[in-house]
Each structure stands twice: as C-alpha cells, then as structure tokens.
Amino acid sequence: MKRVVILLFVASLFISCKEEKKEDLLKDSSGKINHLSVIIENQLWNGEVGDSIRNIYAAPVDGLPQEEPLFTIKQYAPNLFEGFMTNSRNILVVLKKEENNFELVENEFAKPQNVAHITGNSVAEIVSLLAKHSPEIITKFKQTDIAENQRRISKSLLNDSKIRKKFKASLNLPTAYRFIIEEDKFFWIRKELPSGNASILIYEVPLNTIQKDTNTVANIIQMRDSIGQKHIEGTLPNTYMITQAAYSPYFFNIMLNGKKTFETKGTWELKNDFMAGPFINYAIRDEKNNRYLVIEGFCYNPSMAKRDIMHELESIIKSVKLL
C-alpha cells in the first residue's frame, strides 16, 4: 500500500512538472487589445457563417457615441494558420467537419491565449453553435484583454499614495496620468491625448445616495450630474458635465474584486456647450466604511476612435483594491 501511494505521488509530480514545462516553453502571445483572429475557410467567411461571426464579434460596443466594433477582426484561411499567426492572444477557429463540437482552450500555442474551436457538419449547425457559445467566448476574450492591459500598465505606475491616504484604496495608474484636482473626497486624474484627453474621477458618497429608492439608475445619474456640476466645468460660463439624457445608460450589477458594484456605461455631455463623450462608472459598495467608492472613467476625443481609450480606463478601474 505504501509503495502504491509513493508511485501515485511520483506520477502526479511528473505530470505537474510536465505541464509546467510546457507552459514555460510557450511563446508570449501578441496582438493589439480588442483584436481577434478568425480562422475559417473563405467560402464560409463570405457566407452566412461569416455574417454571423461579424454580427456577434463586430457588434457595436455599449456606451460609445459612435459605432465601434467589439473586436477588430482579421480573417485567415486554415492553411495559413501557422507560425507567428498562432501567437495571437484571441483566436476563433471555425471549421466544417462531420462532428458538432465546441472547445475553449487556454494557452494552446502561446500565453496568455484563448483559442475557441467550433466545428459543425452544416452551416446551420455552425451558426447555432456560434450563437450558443459566443457569450462565453466573448467574456473570456475580454477578461484576457483586461488582464493584458493591466500587465502593460503595471510596467510604469504612477504613485497612488494620495489615493491610498484619501480613499483607503489602491489603483494602478500609468505614469502618463496627472492629478488635476485634489479636493477632500474628490480626485480628478487625467492623461492628455493628441486630440483630447482621458480622465479618471474618484469620489465617495454615503450608501443611501444610490439606494434611497428602487430606481438605482436614476440615482446614479443624479449623483454623477451633481458631481459634474460641482467639479467638471467647461471653459464657458455655466457649462458643466451631465449625463446625456437622449440615451439611457447601460447598467449592470457586477462583482469587482469581491465587492458588489454597479457598473454604468453611457454618454456625457457639457451642458450649454457641444462637448461630449463616453463614460464608464463603477459604484463599489463598501459597507465597512458606510460608503460607495465611485471611480469613473471618461474621455474627450472628438472625431477619433474611443473604444481602446475606454478599455484602458476600464482596465485601470478594475485594478482597484479597497484597503
């Protein structure tokens, strides 16, 4: 019996070492954030299957003022899928085969990497599998891109000691950002862009600010509008940031680093002026300190793409940790 236990231990140790060795040998994945490589035959790509992939993976991003795709897609025929092309971080492989199957594999050719395999014996089956499994695939792709963005940000971090002291929280910010306003319980941190800027707001409100009635979204809009009027002023008199009333924000209940959080995405505008842009707001429930810690990202980048800027802001905010 003792010999059997020892043999089992040695076998498990060997398998573990073998898996670790494989991980170590993998190349680093490559590619831009929010990009997707689709491996599919040209005939399928130019037909109903391709239309389904584009409708799902290039759907408009929630909360942006102009339509921008969820992923920038590059299509490759299966016979070209070799060499450096296998290093892409997010890959969708769609093939017509006898069996209907779905598999989502981590670190198949590189790391970090996700490779989603979908095979079907007909166009209808492939389209059905895409519809069924794409929510899971997209969630995984997005999680990996957030983690990759955070890894890149972590290479050069701004000192967040002021945030730790004022808000009892840590936040990983790139050194390109600068503190613009530092007031009691309100910080505005900004990065200049060639054609605009990207901003992070940090503030806190009592728990009853948001949960004073059942209309949570209306309470969040009222909260951020009051903050905008007080702190985010335009250059002209009586101009300040508000939530754009023409479009209802997207609202989600999520968990952020173990805390119940309200996630709100929408469009801001400058009252009595023509400036506007997207925002993403996280109200983190902190019962220990009887507050919501609110961290919001927004950008002003007129006539330019905003998807990747907002993704960076989301990656920064999701690095928050309450101390």
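The exercises below, each with a worked solution, deal with a predicted model of one protein chain.

**Exercise 1. Overall description**

Describe the chain by its secondary structure, its extent, its burial and its charges.

Solution. Begin with the secondary structure: the chain has seven helices and 17 strands. Next take the extent, where the C-alpha trace spans about 70 × 60 × 40 Å along its principal axes. For burial, 46% of the 323 residues are buried. The exposed area of the chain is about 17,300 Å², and 53% of it comes from carbon and sulfur atoms. Among contacts with a separation of 6 or more, 60% are between residues 24 or more positions apart. Last, the charges: there are 42 positive and 39 negative side chains, and the centres of these two sets lie 6 Å apart.

**Exercise 2. Two phenylalanine pairs**

Classify the ring pairs Phe81 with Phe109 and Phe167 with Phe187, then place their residues in the chain.

Solution. A pair of aromatic rings is described by the distance of the centres and the angle of the planes. The chain has 11 aromatic pairs in total. For Phe81 and Phe109, the centres are 5.6 Å apart and the planes make an angle of 85°, an edge-to-face pair. Phe81 belongs to the loop between strand 3 (72–76) and strand 4 (90–96), while Phe109 belongs to the loop between strand 5 (101–106) and strand 6 (110–111). The two residues are 28 residues apart, and the pair links distant parts of the chain. Phe81 has 17% relative accessibility and therefore counts as buried, the cut-off being under 20%. Phe109, at 30%, is partly exposed.

For Phe167 and Phe187, the centres are 5.2 Å apart and the planes are at 85°, so this pair is edge-to-face. Phe167 lies in helix 5 (residues 161–167) and Phe187 in strand 10 (residues 186–193), so the pair ties together parts 20 residues apart in sequence. Both Phe167 and Phe187 are buried.

**Exercise 3. Charges over rings**

Which residues form a cluster with Trp188 through ring pairs, and which charged end sits over the ring of Trp188?

Solution. First, the cluster: ring pairs join Trp188 with Trp268, Phe298 and Tyr300. Second, the charge: the charged end of Arg190 sits over the Trp188 ring, 5.4 Å from its centre. A further case involves Phe71, where Lys142 lies over the face at 4.5 Å from the ring centre.

**Exercise 4. Backbone cases in loops**

Compare the loop positions and the burial of Asn34 and Ser303, then locate the cis peptide bond from Lys111 to Pro112.

Solution. Asn34 is not a glycine, yet has a positive phi of about 65°. Its loop runs between strand 1 (27–28) and strand 2 (35–39). With a relative accessible area of 1%, Asn34 is buried. Ser303, also not a glycine, has a positive phi of about 65°. Ser303 is found in the loop between strand 16 (291–300) and helix 7 (307–317). At 78% relative accessibility, Ser303 is exposed.

The peptide bond from Lys111 to Pro112 is cis, with omega near -10°. Pro112 is in the loop between strand 6 and strand 7 (114–120).

**Exercise 5. Surroundings of Thr239**

Is Thr239 buried or exposed, and which residues does Thr239 touch?

Solution. Thr239 sits in the loop between helix 6 (216–231) and strand 12 (241–243). Its relative accessibility is 3%, so Thr239 counts as buried. Leaving out residues up to four places away in sequence, Thr239 touches Ile232, Glu233, Gly234, Leu270, Lys271, Asn272 and Asp273.

How values were computed. Residues numbered from 1 in each chain as written. Predicted model: local features only at pLDDT ≥ 70, side-chain atom pairs only at ≥ 80, totals over all residues. Heavy atoms only, no water. Helix = DSSP H or I, 4+ residues; strand = E, 2+ residues; numbered from the N terminus. Buried < 20%, exposed > 50% of the residue type's maximum accessible area, 1.4 Å probe, protein only. Contact = heavy atoms within 4.5 Å. Areas by Shrake-Rupley, 256 points an atom, 1.4 Å probe, with all protein chains shown as cover. Lys, Arg positive; Asp, Glu negative; His and termini not counted. Charge placed at Lys NZ, Arg CZ, Asp CG, Glu CD. Phe/Tyr/Trp six-rings, centres within 6.5 Å; stacked < 30°, edge-to-face > 60°. Lys NZ or Arg CZ within 6 Å of the ring centre and 35° of its normal.
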